[in-house]
Amino acid sequence: MAPPEPEVFDVVIFGASGFTGKYVIREALKFLSPSSPLRSLAVAGRSRDRVAAALRWAAAPAPPPEGVAILVADAADPASLAALASRARVVLSCAGPFRLHGHAIAAACAAAGADCLDISGEPEFMERVEAELHEPAAKSGSLIVSACGFDSVPAELGFLFHSRQWEPPSAPVTVEAYVSLQSTKRIVGNIGTYESAVLGVANAGQLQALRRSRPRRPRPNIPGPPPPKGSLIEGHNPLGMWAMKLPSADTVVVKRTLSTVTEHPEGLPGAEETPEYTEHRKSFWSSVKPAHFGVKIASRSLMIIVRFLITGLFIGLLANFSFGRSLLLNYPEFFSAGMFSRAGPTEEEVKSASFKMWFVGHGYSDTAQASERGSKPDKEVITKVSGPEVGYITTPIVLVQCALVLLSQRGNLPKGGVYTPGAVFGPTDLQQRLQENGMSFDVQVTRSMR
């Protein structure tokens with residue numbers, strides 16, 4: 001006889017039957033145990049049959065574990081979302097595009113006092129959630145954190161890891177992240193990422209209007225003058241790769257984290273944090289140094305860069321028109337030069353893929369030099385974050401590990417509110433957990449540029 005369903009589940013995965021959702025189920029099942037912080041799990045979506053099929057796929061070749069509940073909830077049905085949020089300690093929101101499907105579940109969590117982690121890489125959605133839900137979430141004790149997948153935890157933790165390599169009196173001025181997607185077969189991107197990019201360009205005006213309507217956040221104090229903008233495509237860099245500027249959510253999220261730390265130099269205090277964690281948190285943030293940050297896509301093949309450029313041009317030209325958006329969303333494989341497909345990648349293509357993200361920092365060996373007239377950065381530090389395929393392996397790993405941190409260390413984290421992953425998880429053991437689950441953080445180069 002199956003055990004009775006718990007009144008409240010440790011984790012509820014919403015959007016469980018989607019492309020990414022079923023991989024998140026599979027990752028969560030690895031940690032479902034009476035001895036784990038994750039002791040009870042539910043999976044949720046619009047269709048019970050589709051969610052059940054995703055659960056069977058994720059558990060295969062074994063049958064689904066007893067006690068994993070299937071809940072029916074629809075982003076268009078507020079009552080179903082309220083019922084779901086009332087039964088969750090942590091909701092993992094996987095139903096994108098998030099500007100269409102993500103706000104309602106975040107709002108339900110804010111009302112119910114449940115924590116909510118999502119895998120959005122959509123700046124307009126993330127900033128709107130912060131603007132509209134921070135206060136109610138803070139009051140209810142709901143911690144809402146977007147971008148808890150490949151967007152943007154590798155960039156956030158990678159930047160913090162890089163920043164802490166600059167021992168005083170040195171400090172970075174610029175840190176550029178070079179992202180390289182690699183595969184022994186072919187690279188097939190996450191269709192949700194493509195749809196989010198199309199809708200993001202289409203609604204760029206709304207993002208700008210939102211930003212104008214809000215108070216300007218404080219900017220961190222970075223030594224030296226701001227760097228020049230540089231060219232769109234570069235063929236010469238310390239990595240010896242072709243690279244192209246990427247209008248990435250990672251840039252936005254890292255900058256939001258740095259603004260938060262500028263407002264709270266010792267970080268965000270936990271609701272019931274231990275004295276040991278308080279000391280660790282303050283020490284951690286005192287070692288983080290801000291810098292101008294940007295992201296570039298990188299490859300040793302110029303053709304890969306050209307394919308990204310073509311995709312960006314199509315989206316930029318067509319996304320602002322209804323007919324153009326329809327073409328982009330209905331024929332992603334054509335307009336992305338084969339990089340995105342509604343069919344998604346095969347299991348073999350997923351297993352064959354990986355990523356590398358280099359953080360190339362330039363700064364001063366002594367910050368006193370920054371105020372000297374005509375001085376230029378004289379130190380270079382290169383670090384690297386690497387891991388498996390980004391959309392279906394790394395993203396579930398990151399999301400589930402963030403949830404495990406929440407479940408096991410909740411008292412050390414802010415009581416509630418809407419924050420970035422770096423601001424919440426930076427001082428925790430999340431980096432160590434990711435390293436234990438297939439990702440690596442390494443220092444590559446530290447050298448003088450004199």
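These are my notebook entries on a sheet, the helices packed on it, and a pocket.

Entry 1, basis. I worked from a predicted model in which local features need pLDDT of at least 70 and side-chain atom pairs count only at pLDDT 80 or more, while totals for chains, interfaces and linings use all residues. Residues are numbered from 1 along each chain as its sequence is written, and side-chain values use heavy atoms, with hydrogens and water left out.

Entry 2, sheet. I looked up the strand order and found an open sheet of 7 strands, β8-β9-β10-β7-β11-β12-β14, with mixed pairing; strands pair if DSSP finds at least two bridges between them, and helices (H or I, at least four residues) and strands (E, at least two) are DSSP runs numbered from the N terminus. The edge strands, each pairing on one side only, are β8 (233-234) and β14 (440-448). I then followed β7 (residues 171-183), which runs antiparallel to β11 (residues 353-364) over 12 bridges, and noted Phe355 in β11 as the bridge partner of Leu181.

Entry 3, helices. Taking contact as heavy atoms within 4.5 Å, I found helix α10 (residues 249-263) packed on the sheet, where it touches β10 (292-299) and β11. Helix α16 (residues 390-409) also packs on the sheet, touching β7, β11 and β12 (379-388).

Entry 4, pocket lining. For the second largest pocket I took lining residues as those with an atom within 4 Å of a point on a 1 Å grid over the protein atoms alone, a pocket being an open set of points where a 1.4 Å probe fits, with protein on both sides within 12 Å along at least five of seven lines. Of its 14 lining residues, Glu130, His134, Arg214, Arg217 and Glu263 are the closest to the centre. Elements α6 (123-140), α10 and β13 (417-419) each give two or more residues to this lining.

Definitions and conventions
Axes are lines fitted to C-alpha atoms, for helices over the stretch in contact, and angles run from 0 to 180 degrees between N-to-C directions.
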